[in-house]
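Welcome! Take a moment to look over the sequence and the 3D view, then try each exercise before reading its solution.

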Amino acid sequence: MKVLSEDRTRILFEKLSKYIGVNVKLLIDRPDGTYCFREKKDRVYYISERLLQLAQTVNPDHLVSAGTCFGKFTKTNKFRLHITALTYIAPYASYKIWVKPSAEQQFLYGHHVLKSGLGRITENTPKHQGVVIYTMSDIPIGFGITSRSTAECRHADPLANIAFHQADIGEYIRSEDTLM
Amino acid sequence: MDIVNEILEREQKKAEKYKPITVEKHLDVEFDVGTLLASDTNDLDLKVLQSDNERDKYLEALTRDNTQLLLNKVWELPTERIDEAIVVRLPVPKTLLPRSKPVPKPKPLTKWQEFAKAKGITKKKKDKAQWDEQLQKWVPLFGFKKAAAEKEKNWLIEVPQNVDPMTDMYEKKASEKSEKVAKNELQRLKNIARARKVKIPRVGLPVTADKANAAQLATAAVVAKASTASLGKFQDKLPKEKEARGKGIHELIPGKERKRKAPIPTPQQEKQNNLNLIDKILNKRPKIDMEKAVAKHIHTEQIQRSEEKKNAKPIKGKRKAKGGNVTNFTAKKPKAGKGQRNPNKKATGRKRR
């Protein structure tokens, strides 16, 4: 478990702020104890200080993971958010997209969100904004990046992409071995 | 009788002078006659040892007894007589004596040996001589006979098509060979330096005879960039510049090896650092998003216009009263057939037939 370098911390926070904006602060500044980000094998883990201290007793070679995996750094040093971070991101999301029940499965199979599947969208969502995708019953099912702003959505044709797929909870099954 | 007594007395005195050769011991003394070693495992008399005047006597007596026992053992061995002296051949010693010098360390492995060990490569025994098909004779692996055979074989060397026809192939071959020898020598010296843990100065990039490859050029660029007084900190960067990567490149770049890891911050410190960093990111002046700005501008314009329209409606009558031919200039093309026709109102736009 390594402390993230300043460069990587910046990349991580920039990515997180794309989804939850100012609320990134709330991830660090928590009333229920100190939480921090640690890196192991290019994966970034969100872990409480108390748990981290317990994890340090384990031989680093034998430690697979500790805390919640937020994502990983690619070989080109970009941060990629994993679906495991959804539980922490979803409550703070400032921009949301709700998909219709008929389009839920399509999204969970890794497809983009089409206009036809769009149920609801947060008012004045800009273009290329990180969003959390919800079902109509308000269950978060993944992340996406909008390809159109809310205003543009109105005029889009039914088969146009509204949000690009980033991660979905179907990955828990589809890419079980690479998630962690 | 007097004489007998006298003799007996004398004998007794004599006997008192010499102690008996038999010694009584609680536990048997262990012997290693080969090294003339006797080890007595019996307890010492502590009381006597602590008293000052009797200690020496006691130790002397003990030593004598044990020596006596050892000599008894020696006498048990078969004796020989060499030049008037009685001699015993001692058996092979049983006791292992520790060596006086430290155990020699194993020779440090060369780089190749290390590699071979890791890969499990074992040396294959080669024959000393090989059958040469061309010469139809056995040629040794090395030595003057091998050199002579090579000379005999290579009486003519073809110049390949991709090589300048005027090159001396013999010279080329000789230079290749001498280069190989030099390389081997360098590696030998490197091995010695590594074994003695001597730091070898950097040699930099290898000088290549022909064109350097992309990796070498990239490395050279990175090294050159870092070769300033500030270790390249203030050098400009190209938009998509990549650091040269690979084995041994890191060592070539000045200032890289000195980099130390920052100490792990305390939780509070780390939290503060992170919060500062987040603030910095969030307070970044946003880039002007042209598309967004234009969309916003159009949006506000539209709202303004629609409000104007709403406000304009009640005034409509007044305007009419004025009799002016006031038209609302909107971006939209005027359309006909909307609502009731007003015969009083003059139709706007082009006259259509």
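The exercises below go from a sheet to a helix and then to the contact between two chains.

This is a predicted model, in which local features need pLDDT of at least 70, side-chain atom pairs count only at pLDDT 80 or more, and totals for chains, interfaces and linings use all residues. Residues are numbered from 1 along each chain as its sequence is written, chains are lettered from A and ligands numbered from 1 in the order in which they are written, and side-chain values use heavy atoms, with hydrogens and water left out.

**Exercise 1. Find the order of the strands in the open sheet of chain A, and its edges.**

Step 1: Strands are DSSP runs of E with at least two residues, and helices are runs of H or I with at least four, both numbered from the N terminus. Two strands pair if DSSP finds at least two bridges between them.

Step 2: Follow the five strands across the sheet: the order is β1-β2-β3-β4-β5 (chain A), with antiparallel pairing.

Step 3: β1 (2-3) and β5 (79-81) of chain A each pair on one side only, and these are the edge strands.

Step 4: Look at one edge. β1(A) joins β2 (residues 35-40) of chain A through two bridges, in the antiparallel sense, and V3(A) has R38(A) as its bridge partner.

**Exercise 2. Check whether the length of α1(A) agrees or disagrees with its number of residues.**

Step 1: The expected span of a helix is 1.5 Å times one less than its number of residues.

Step 2: The 15 residues of α1(A) should therefore span 21 Å, and the end C-alpha atoms are 20 Å apart, which agrees.

Step 3: Now see which residues are buried (under 20% relative accessible area with a 1.4 Å probe, protein chains only; exposed is over 50%, partly exposed in between). In α1(A) they include I11(A), L12(A), F13(A) and L16(A).

Step 4: Just past the helix, G21(A) has a positive phi of about 60 degrees.

**Exercise 3. Describe how chain A meets chain B.**

Step 1: With contact meaning heavy atoms within 4.5 Å, chain A brings 21 residues and chain B 15 residues.

Step 2: Buried area is the accessible area (1.4 Å probe) that two parts lose on being put together, summed over both. Here that is about 1,600 Å², with 67% from carbon and sulfur atoms. On the chain A side, F13(A), K25(A) and I28(A) lose the most, together 28% of what that side buries.

Step 3: Count the salt bridges (a side-chain nitrogen of Lys or Arg within 4 Å of a carboxyl oxygen of Asp or Glu). There are three between the chains. R38(A) forms a salt bridge with E270(B), with the closest N and O atoms 2.8 Å apart.
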